[in-house]
Amino acid sequence: MNKLTKIYYISQGKSTANHLLNIEKVCRSGCKLIQLRLKNLPLTEVLITVQKALEICNKFNALLIINDYSNIVEQIPTTGLHLGQKDGKISDVRNNLSDSIIGGTANTLEDCIQLYKEGADYIGLGPLRFTPTKTNLDPILGYNGYKEIIHKLDILKIKIPIYAIGGIVENDIQPLLDMGLHGVAISSLLTQQTIEQNKKLIKEYE
Ligand code: TZP
Ligand code: MG
C-alpha cells in the first residue's frame, strides 16, 4: 500500500501532551500519515515525544513523519522526515536515510523543481490561504497558484506527489485533488473536528 495517503495530518498542540492527544485522536479517526511538528523545544522533550508519538502511530499502523530532526530519524528508520525551507537540503541527508520517506516544503515552482532534483519523496506546497497555525507564512498561493505550478511541472514532466497545505477546509479537498494535487496536509480541521467527523472525511479519501 502507498504510504503517502491523500490525507496527511500535521500535529499541533499547546504542549507536547496535547500534540500526542491530537495525534492519537487523528490516528483513531483512521489517518495513516502523521507529521509530528514540534517547535522551539529542548531536545530531550522532543526525543521523549517522538517515542510516544511512535508508539501511538505503531498501534494504529500509521506512518510517523518527523519535522526538522534528521538525527532522530536516522536513529529510527521506520519514521520519515520533513524538512522546511530553512532546515537543510534533502540531498545532504538522503544517504543516511535510505529507508525513510523524506518530504520538503515549497512555495514556488522553483522550490518544487529543486526538491524534485534533491530526491524528495513528496512536496508540501503552500500555503493555500492564511492560517494562524504557522508563523512566518510564505506568500499565499490560492487555487490559481497551484493550478499554475502544477501545469508547469506537467510541461516539465516532473512527477512527484504534492500535498496542498495551509488553511485547508473540507470543501477544498476534492477541488485540489481534481487539480492534480496528490493530497492535502491538514492541521486545524482534523484537530478541531470530532473523531466521527474525521472518520467520515478520511474514509471518503482513502
Ligand atoms: N506549513 C504551511 S501552512 C502550515 C504549515 C505547517 C500549517 C497548516 O495548518 P492548518 O491549520 O491546516 O492551516
Ligand atoms: Mg521545519
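**Exercise 1.** State which residues UniProt lists under "binding site", then place Gln-35 in this predicted model and decide whether Gln-35 is buried or exposed.

*Solution.*
Step 1. The unreviewed UniProt entry gives Gln-35, Leu-36, Arg-37, Leu-38, Lys-39, Asn-67, Thr-105 and Lys-134 as "binding site". The model itself is predicted.
Step 2. Gln-35 belongs to strand β2, which spans residues 33-36.
Step 3. A residue is buried if 20 or more other C-beta atoms lie within 10 Å of its own. Gln-35 has 22 such neighbours, so Gln-35 is buried.
Step 4. Setting aside residues up to four places away in sequence, Gln-35 touches Tyr-8, Tyr-9, Ile-10, Ser-11, Ile-65, Asn-67 and His-82.

**Exercise 2.** Work out where Arg-37 and Lys-134 sit and why each counts as buried.

*Solution.*
Step 1. Arg-37 is in the loop between β2 and α2 (43-59). Arg-37 counts as buried because 21 C-beta neighbours fall inside 10 Å.
Step 2. Beyond four places in sequence, the contacts of Arg-37 are Ile-10, Ser-11 and Asn-67.
Step 3. Lys-134 is in the loop between β6 (122-125) and α6 (142-155). With 20 C-beta neighbours inside 10 Å, Lys-134 is therefore buried too.
Step 4. Lys-134 and Gln-12 are 122 residues apart along the chain, yet their C-alpha atoms are separated by 9.9 Å.

**Exercise 3.** Describe the residues around ligand 1 by class, and name those that come nearest.

*Solution.*
Step 1. The shell around ligand 1 contains 5 nonpolar, 7 polar and 1 charged residues.
Step 2. Of these 13 residues, Thr-131, Thr-133, Gly-166, Ser-187 and Ser-188 come nearest.

Note on methods:
Residues are numbered from 1 along each chain as its sequence is written. Chains are lettered from A and ligands numbered from 1 in the order in which they are written. This is a predicted model: local features need pLDDT of at least 70, side-chain atom pairs count only at pLDDT 80 or more; totals for chains, interfaces and linings use all residues. A residue is near a molecule or strand if its C-beta atom, placed from the backbone, lies within 6 Å of it. Ala, Val, Leu, Ile, Met, Phe, Trp, Tyr, Cys and Pro count as nonpolar, Asp, Glu, Lys and Arg as charged, and the others, Gly among them, as polar. UniProt positions are given in the numbering used here, feature names are shortened, and annotations may be inferred rather than shown by experiment. Helices (H or I, at least four residues) and strands (E, at least two) are DSSP runs, numbered from the N terminus. A residue is buried if 20 or more other C-beta atoms lie within 10 Å of its own, exposed if 12 or fewer, and partly exposed in between; C-beta atoms are placed from the backbone. Two residues are in contact if their C-beta atoms, placed from the backbone, lie within 7 Å.
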